[in-house]
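Trainee: Could you take me through one part of this fold in detail? I would like to look closely at the sheet and what packs around it.

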Amino acid sequence: MRIRVVSTREEIFTLNPNERLVHLAFRPSNKDIFGLVETCPRIEVIQLPKSYKRTVSKSIAMFLQMQRVQLLEGDVWGHRKDINEYYAIPSSVIEKIKDMKTEGKAAEEIERKVSRESKLNPEMVAYIMNKEIPA
C-alpha cells in the first residue's frame, strides 16, 4: 500500500487520476481540496499533518464526507520526496494487522499497538484494517 505525497499546490493537477491515498504536505485551501477531488475522482483518503487538519473548514469537511473521502490526520515519518514521490506502508505492518486480526484482537487494540510500533496514525491503521483485510 502506497501513499502519494504531494508537497506543492501545482503538483495536484499532475497526479494520476487513479490515486486513492494522498498526503498533502502543505496547508491546503478549499480550492486545493476541490482540485484534488476533481483530479483524482477515485480518491478515498486525504491525509494531513495535525496542525493543518485543524485549519480545514467545516464546509470542506462536509464536502469530503459527501464525496466519501476520509480526511485523516497523520505524517509520513522520515520520507524524502526528492527520492520517491510515494510513501510505502511496510508490508510488515500489514502482516502484523492481519496476524492480530486473525488472533481475534479488538480493533481498538490493533490500532493502538500498530500505530505505536509503526508511527502510523490510528485512523490510518483502521483504514488499512478495513481496506486490506476485510472482515
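Mentor: Let's start in the middle of the sheet of this predicted model, where β2 and strand β3 (residues 45-48) run parallel and are joined by three bridges. To find the register, look at Val22, which stands opposite Ile46 in β3. With β1, too, β2 pairs in the parallel sense, again over three bridges, and here Leu24 of β2 is the bridge partner of Val6.

Now turn to the side chains of β2. In a regular strand the side chains alternate between the two faces of the sheet. Strand β2 (residues 21-24) has both of its faces covered: Leu21 and His23 are buried on one side, Val22 and Leu24 on the other.

The link from β2 to β3 is worth tracing on your screen. Helix α1 (residues 30-39) joins with β2 and β3 to make a β-α-β unit, and that unit is right-handed. Within α1 the buried residues are Asp32, Ile33, Gly35, Leu36, Val37 and Thr39. Helical spacing helps in reading such a list: an α-helix has 3.6 residues a turn, so residues three or four places apart point the same way. The buried residues of α1 pack against β2, β3 and also α3 (58-66).

Zooming out, the whole sheet is open and has five strands in the order β4-β3-β2-β1-β5, with mixed pairing. Its edges are β4 (70-73) and β5 (86-88), each of which pairs on one side only. From one strand to the next the twist averages 30°. An antiparallel pair is found between β1 and β5, over three bridges, and there Ile3 stands opposite Tyr87 of β5.

Tyr87 also takes us to the packing. It is one of the residues with the most contacts inside the largest nonpolar core, which has 20 residues; Ile89, Ile97, Val114, Leu120, Met124 and Ile128 are the others. At least two residues of this core come from each of β1 (2-6), α4 (91-102), α5 (107-118) and α6 (122-132). The largest share, five residues, is supplied by α6. Domain 1 (2-87) and domain 2 (90-132) each give this core at least three residues.

For a view from inside, select Val114: beyond its neighbours within four places in sequence, Val114 is in contact with Val93, Lys96, Ile97, Met100, Lys119 and Val125. Apart from this core lies another, of 19 residues, including Phe26, Ile43, Leu48 and Val56.

Conventions:
Residues numbered from 1 in each chain as written. Predicted model: local features only at pLDDT ≥ 70, side-chain atom pairs only at ≥ 80, totals over all residues. Heavy atoms only, no water. Core = buried A, V, L, I, M, F, W, Y, C linked by side-chain atoms within 4.5 Å. Buried < 20%, exposed > 50% of the residue type's maximum accessible area, 1.4 Å probe, protein only. Helix = DSSP H or I, 4+ residues; strand = E, 2+ residues; numbered from the N terminus. Domains from an automatic or database assignment. Contact = heavy atoms within 4.5 Å. Pairing = 2+ DSSP bridges. Right-handed = clockwise from strand over helix to strand, strands pointing away. Axes fitted to C-alpha atoms, helices over the stretch in contact; angles between N-to-C directions.
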